[in-house]
Amino acid sequence: MITTDICIIGAGPVGLFAVFEAGLLKMRCHLIDALPQVGGQLSEIYPQKPIYDIPGYPAINAQVLVDNLMEQIASFNPGFTLGERVEGLDRQSDGSYIVTTNEGTAVHCQVVVIAGGLGCFEPRKPEITNLERFEGKGVAYMVKNPEQLRDRRVVLAGGGDSALDWAVFLADVASEVTLVHRSDTFRGAPDSAEKVFNLASQGRINLVLQSTITSINGNGHLQEVSITAKDKTVTTLPADHLIPLFGLTPKLGPIADWGLTIDKSAIHVDTTDYSTNVERIYAIGDINTYPGKLKLILCGFHEAALMCQSAFRYVHPDQKLSFKYTTVNGVPTF
Amino acid sequence: MIQFTIQDRTGDRQPIEIPEGINLSLMEVLKASDYNILATCGGMALCATCHVQVLNGLDALSAPQDAELDMLDTLPDAESDSRLACQIRIDESVEGAIFRIKSDEPV
């Protein structure tokens, strides 16, 4: 089991900066994020967008901000569990918590900080009859290991860059690739769209346009997909794998079941220290709400600083906290 | 005043009146009117959590730009009358329109 002082759920900019503020107070952090990389919304949704309201930076590229934050916290040596989703929260008799993930990772901590931004990013799921019944049995929402698809019949659904890119890639791997798209044009990268149309004309991709997948069936494992065209005609294709690629959508996830006061997908906090209604659980950044809340990264940074001052009493109950500027002591390291 | 109608996820319809000349997007009006939508990206056509279906008045709206069309392409339930509320400006073009909220309800 991983042991730390503060378990931070969410490795976006605010979660990362919380590591710095915690480090100044000699509190160790472990971060958990459902995404496979740090940076949260910045890295996942708009890595190349310039941000103009970070103090000291007239403009900074979102991914550069994430990289800088990682550099800023490096000396505090935080732990990371990435690509895993927080599932469980168990309060111990001494008030501490054990946070567990869907992959079985367990983190024992004195304080939990939810810095989950907009929540977990989960795959957008199309409305297909039986879809969830075949998850893990032929249905997946991302391609983790293309070799598992070698010489298999793969159906992809979607019209964005992911669908196009994987269709092109899998044309050389799978025995049969079918790409189903609701429109007759693709708005992904023109180069990728052209490759898909070329491969289709060569018979290496089965392109099914102006259609949607409406149901799937199988006996324990996916065996066939039914596709409904715009003219309502239905065709059934044999398939071993279905991969709907419709991007990600934010969800609050299991946090919604932790007894926290939640209003419209945001967690109510006390603005004196950004604590929630549950002792030793804090919420900072876009995931919290309070009168006057502004969903700005810089507001999340401020919240992280105040949260750490408050969390200190749980991590170091025997010590008195005396506030000092970084100009006094510099930045300590572990 | 500009008048249009919002149909919520339960099918209930509510008329909305907005003074002319107010520079708001439909997404901002929906949030201000306490409809439960995420509008995650804040209006940059990056998240599609403000997906609406235009039940009436689609042709009068200004045409969607590439960023909006790109995002709509990633939605499994997008139709030819789908739009992102954050990309629709509230002006005389929405007069009499009926918008159905199509994005998932935030959990």
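Is E135(A) buried, partly exposed or exposed? Select E135(A) and you have the answer: with 30% relative accessibility, this residue counts as partly exposed. Before going on, keep in mind that what you have open is a predicted model.

**Stop 1: around E135(A)**

Stay with E135(A) and add K125(A) to your selection. These two form a salt bridge, and the closest N and O atoms are 3.0 Å apart. The pair links distant parts of the chain, ten residues apart: K125(A) sits in the loop between β11 (120-123) and β12 (153-157) of chain A, and E135(A) is in the loop between β11 and β12 of chain A too. K125(A) has a relative accessible area of 36%, so this residue is partly exposed.

**Stop 2: more charged pairs in chain A**

Next, pick R150(A) and E147(A). Their side chains meet in a salt bridge, at 2.8 Å from N to O. R150(A) is partly exposed at 37% relative accessibility, and E147(A), with a relative accessible area of 47%, is partly exposed as well. Now go back to K125(A) and E135(A) and add E132(A): salt bridges that share partners join these residues into one network.

Then jump to E87(A) and R85(A), whose side chains also meet in a salt bridge, this time at 3.7 Å from N to O. E87(A) counts as partly exposed at 39% relative accessibility, and R85(A) counts as partly exposed at 22%. Over all chains, the count comes to twelve salt bridges.

**Stop 3: a histidine in a strand**

Select H241(A) and look at strand β18 (residues 241-244) of chain A, where this histidine has its place. H241(A) counts as buried, at 15% relative accessibility. Show the side chains here: that of H241(A) makes a polar contact with the side chain of R152(A), at 3.4 Å. Leaving aside residues up to four places away in sequence, H241(A) touches several others, including G138(A), Q148(A), L149(A), V154(A) and L222(A).

**Stop 4: where the chains meet**

Now bring both chains into view. Which residue of chain B forms a salt bridge with R182(A)? Select D73(B): the closest N and O atoms of this pair are 3.2 Å apart. That is the one salt bridge found across the interface of chain B and chain A. On the side of chain B that touches chain A, you can color 14 nonpolar, four polar and six charged residues.

Widen the selection to the whole contact, and you get 24 residues from chain B and 22 residues from chain A. Between them the chains bury about 2000 Å², with 54% of that on carbon and sulfur atoms. There are also three residue pairs in polar contact between chain B and chain A.

**Stop 5: the cysteines**

Finish with the sulfurs. How many disulfides does the structure hold over all chains? The count is zero. Select C109(A) and C7(A) to see why one candidate fails: the sulfur of C7(A) is the closest cysteine sulfur to that of C109(A), but they are 4.8 Å apart, which is too far for a bond. C109(A) is buried, with a relative accessible area of 0%.

Over in chain B, try C50(B) and C86(B). The sulfur of C86(B) is the nearest cysteine sulfur to C50(B), 3.8 Å away, and C50(B) is in no disulfide. With 2% relative accessibility, C50(B) counts as buried.

Note on methods. Residues are numbered from 1 along each chain as its sequence is written. Chains are lettered from A and ligands numbered from 1 in the order in which they are written. This is a predicted model: local features need pLDDT of at least 70, side-chain atom pairs count only at pLDDT 80 or more; totals for chains, interfaces and linings use all residues. Side-chain values use heavy atoms; hydrogens and water are left out. Contact means heavy atoms within 4.5 Å. Buried area is the accessible area (1.4 Å probe) that two parts lose on being put together, summed over both. A salt bridge is a side-chain nitrogen of Lys or Arg within 4 Å of a carboxyl oxygen of Asp or Glu. A polar contact is a pair of N or O atoms within 3.5 Å; within protein, one must be able to donate a hydrogen and the other to accept it, and residues adjacent in sequence count only if both atoms are side-chain atoms. Ala, Val, Leu, Ile, Met, Phe, Trp, Tyr, Cys and Pro count as nonpolar, Asp, Glu, Lys and Arg as charged, and the others, Gly among them, as polar. A disulfide is a pair of cysteine sulfur atoms within 2.5 Å. Buried means under 20% relative accessible area, exposed over 50%, partly exposed in between (1.4 Å probe, protein chains only). Helices (H or I, at least four residues) and strands (E, at least two) are DSSP runs, numbered from the N terminus.
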